[in-house]
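Hi,

Here is the structure I said I'd pass along. Have a look at it first, and my notes on what turned up are underneath.

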Amino acid sequence: MHLSRFHRVKLSHAPTPLEPLPNLSRYLGGPNIYIKRDDCTGLATGGNKTRKLEFLIGDALSKGAAHLVTQGATQSNHVRQTAAAACRLGLKCTALLETRVPDAGPDYFANGNVLLDRLFDCNVETRPAGLDMNNELVAVGERLRQQGEVPYLIPGGGSNPIGALGYVVCAQEILMQSNDLGMRVDCVVHATGSAGTQAGLVAGLEGMNTGIPVLGIGVRAPRDKQEDNVYQLACKTWELLGIPGQLSRGAVQANCDYVGPGYGRPTDGMIEAVRMLARLEGILLDPVYSGKGMAGLIDLIRKGHYRKDENIVFVHTGGSVGLFGYRDLFGEPVAA
């Protein structure tokens, strides 16, 4: 997998650390848990989207684009990182924020990622829930073209085959780091949403014939839909890389039992997981992705899904700035 064939800009602090979580592992009495610290990628408080943006913006610049256009939910980590990357590279940025949690409190709409979007001078437009956001993205791109701009459209989460290359890189890092540690990796676990992170990990680990399975803990869609989305994108990424043969459908596994009432909506398991990692390991998760991903892993360990001698790598996809949009769940009430 010769990734230097693809246009790329350097944005991330990589390779990110692969660290043991001894206190959490001991507390749960289960497998040995390690964490891949993609919350430490460096751009605008870090997160998994930075890896994808390296390839996406490389492609944008190769095509002469000067205006990045993307979309996501109100508290989108992807939008925040895209806006920051645009600032670094002297590009304009427009983002469409979908109101997927319309009954959220004021912090959700003004704090956390939204605050940083504004700080990065991103041109933010809002959309009600339920629209086809890809169609909305295309329409904005056409509007900008008619105004003389050269836009580059980035799908939600940066999740297309070019963006997924960022997680092929991450798969290579996990293999390199585990080899250096002399550690057998029995499973990679992470939160899966727009599909690009899981598709890249699957394509990378399967393409290198590692035998390491990937389990995505879903945060939005039902299992069948999530697995199909991931598999279709992983196949396109596999093809883009020119890997011989066909990707096995069995390589894509998702568990969507921990979504709760919906995307971006809190669950008791998520709240427990965020507090547990903070108090046992001093690590901040986020309430939308990594919090639910870790909640799923914790529950599976408690149910005996993993043996005590197994080594599990949890990929931390970042997003802790989103905690400030959910202050009422974790903070002390503010006096009037």
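Before the helix pair, one bit of vocabulary: a crossing counts as right-handed if the near helix is turned clockwise from the far one by less than a right angle, and as left-handed if the turn is anticlockwise. Also, bear in mind that this is a predicted model.

The pair I mean is H8 (residues 196–207) and H9 (residues 223–241), which pack at about 50° with their axes 8 Å apart. That angle makes H8 oblique to H9, and their crossing is right-handed. On the H8 side, the contact is made by Gly196, Gln198, Ala199, Ala203, Glu206 and Gly207; H9 brings Val230, Leu233, Ala234, Thr237 and Trp238. By type, the residues of this contact split into 6 nonpolar, 4 polar and 1 charged.

Now for the cores. The largest nonpolar one holds 35 residues, and Leu3, Val188, Leu201, Leu241, Leu247 and Val313 have the most contacts inside it. Which elements give two or more residues to this core? They are H7 (161–181), H8, H9 and strand S10 (311–316), with H7 supplying the largest share at 7 residues.

Leu241 is worth clicking on: leaving out neighbours within four places in sequence, Leu241 is in contact with Met1, Leu3, Arg5, Phe6, Leu165 and Val168. There is also a second, separate core of 28 residues, with Leu21, Cys187, Ile312 and Phe314 among them.

Cheers

Key
Residues are numbered from 1 along each chain as its sequence is written. This is a predicted model: local features need pLDDT of at least 70, side-chain atom pairs count only at pLDDT 80 or more; totals for chains, interfaces and linings use all residues. Side-chain values use heavy atoms; hydrogens and water are left out. Axes are lines fitted to C-alpha atoms, for helices over the stretch in contact, and angles run from 0 to 180 degrees between N-to-C directions. Helices (H or I, at least four residues) and strands (E, at least two) are DSSP runs, numbered from the N terminus. Angles under 35 degrees count as roughly parallel, over 145 as roughly antiparallel, 65 to 115 as roughly perpendicular and the rest as oblique. Contact means heavy atoms within 4.5 Å. Ala, Val, Leu, Ile, Met, Phe, Trp, Tyr, Cys and Pro count as nonpolar, Asp, Glu, Lys and Arg as charged, and the others, Gly among them, as polar. A nonpolar core is a set of buried Ala, Val, Leu, Ile, Met, Phe, Trp, Tyr and Cys residues joined through side-chain atoms within 4.5 Å. Buried means under 20% relative accessible area, exposed over 50%, partly exposed in between (1.4 Å probe, protein chains only).
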